[in-house]
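Reader: I would like a close look at one part of this model. Please take a single chain and walk me through it.

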2 protein chains.
Amino acid sequence: MAESQLAPERRTLRRFDGDFAWDGVETLVYKEEGEAPFSKITRQLLHSDSGLDCELRFFDIEAGGHSTLERHQHVHAVMILHGEGECLVGDEVYQISPHDLVTVPAMEWHQFKANAGAGLGFLCMVNRERDRPQLPSESELVQLRKYAQVASFLDS
Amino acid sequence: MAESQLAPERRTLRRFDGDFAWDGVETLVYKEEGEAPFSKITRQLLHSDSGLDCELRFFDIEAGGHSTLERHQHVHAVMILHGEGECLVGDEVYQISPHDLVTVPAMEWHQFKANAGAGLGFLCMVNRERDRPQLPSESELVQLRKYAQVASFLDS
């Protein structure tokens, strides 16, 4: 079948539109409403193929927004694509800028925040088959807040 | 262990240096000399982890250079990161620009060329376990050259 007859999401080339959207890539809700706390964040599935054992997603956070604070067995392999912000991984907080690489190991608490006055967009590679995220309990949050920089990040 | 005591390649955050190199990421030869025809291209392994079923690599081609013309069972999931150029996938040639997405299906001939007067850098996600690439035979090259735009690409 000629490339031009394929649905955009099946095409070999999917063009970037200049504003972090792509031909044939739908902008999705980040998670189901009420499932977990998050703010001002969208999800796009850039690469997902039955022949690939991982997916490549793009998450876009508006200034002031954040991903869910969570942990899981599966590893996140991240590259920042645009903007500025911070991420929590374990009990450390990192300032992040375009093209920085972040690895989130299994079962480490993590969260990404666009808390630097700008948006924050990042690629995230994950295994196709993966476990569901866990949210922190009240006592786990108390434990995390014992680290001053973590408390400051959670309140930012 | 404190993050600062880890070897750079084991750290949670590996910073981008502004010129398509990263802390703790080694710049590697693209392939072994003489193994396959290629030109002016390097390889960096950005994300590779025993907990991940794929790897994320970065290939950087100087102006005038190219990757190997090859095919294999494993799928390539590509995002252009900088520069301009063209890629061949199957019997089609595509102009590529930053953040465009390219999918190379199983067993399609493909090649990336920095043939637009600039360098070309791209991310490529692949399965960790994958087959070895095949090079085209003389008769397969003759077959590919029957498409005018492919012949023009191969000579560019």
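What share of the 156 residues in chain A is buried?

Author: This is a predicted model. In chain A, buried residues account for 50% of the 156 residues. A residue is called buried here when its relative accessible area is under 20%.

Start with the fold. Chain A holds ten strands and two helices. Their order along the sequence is β-β-β-β-β-β-β-β-β-β-α-α. The strands thus come before the helices in that pattern.

Next, contacts. Take the pairs in chain A that touch and sit at least 6 residues apart in sequence. Of these contacts, 63% join residues at least 24 apart.

Now the overall dimensions. The C-alpha atoms of chain A fill a box of roughly 60 × 35 × 30 Å along the principal axes. The radius of gyration of chain A is 17 Å. A compact globule of 156 residues would have a value near 15 Å, so the two agree.

Then the surface. Chain A exposes an accessible surface of about 7,400 Å². Carbon and sulfur atoms supply 46% of that surface. As for charge, chain A carries 26 negative and 15 positive side chains. The centres of these two sets lie 3 Å apart.

Last, the partner copy. A turn of 180° with a shift of 0.0 Å along the axis lays chain B on chain A, with an RMSD of 0.0 Å. That is the relation of a two-fold axis. Both copies use the same surface: 100% of the contact residues of chain B recur in chain A.

How values were computed: Residues are numbered from 1 along each chain as its sequence is written. Chains are lettered from A and ligands numbered from 1 in the order in which they are written. This is a predicted model: local features need pLDDT of at least 70, side-chain atom pairs count only at pLDDT 80 or more; totals for chains, interfaces and linings use all residues. Side-chain values use heavy atoms; hydrogens and water are left out. Helices (H or I, at least four residues) and strands (E, at least two) are DSSP runs, numbered from the N terminus. The radius of gyration is taken over C-alpha atoms; the globule rule is 2.2 Å times the number of residues to the power 0.38. Buried means under 20% relative accessible area, exposed over 50%, partly exposed in between (1.4 Å probe, protein chains only). Contact means heavy atoms within 4.5 Å. Accessible areas come from the Shrake-Rupley method with a 1.4 Å probe; for residues, only the protein chains shown count as cover. Lys and Arg count as positive and Asp and Glu as negative; His and the chain ends are not counted. The place of a charge is taken as NZ of Lys, CZ of Arg, CG of Asp or CD of Glu. Copies are superposed by least squares on the C-alpha atoms of residues with pLDDT of at least 70 in both.
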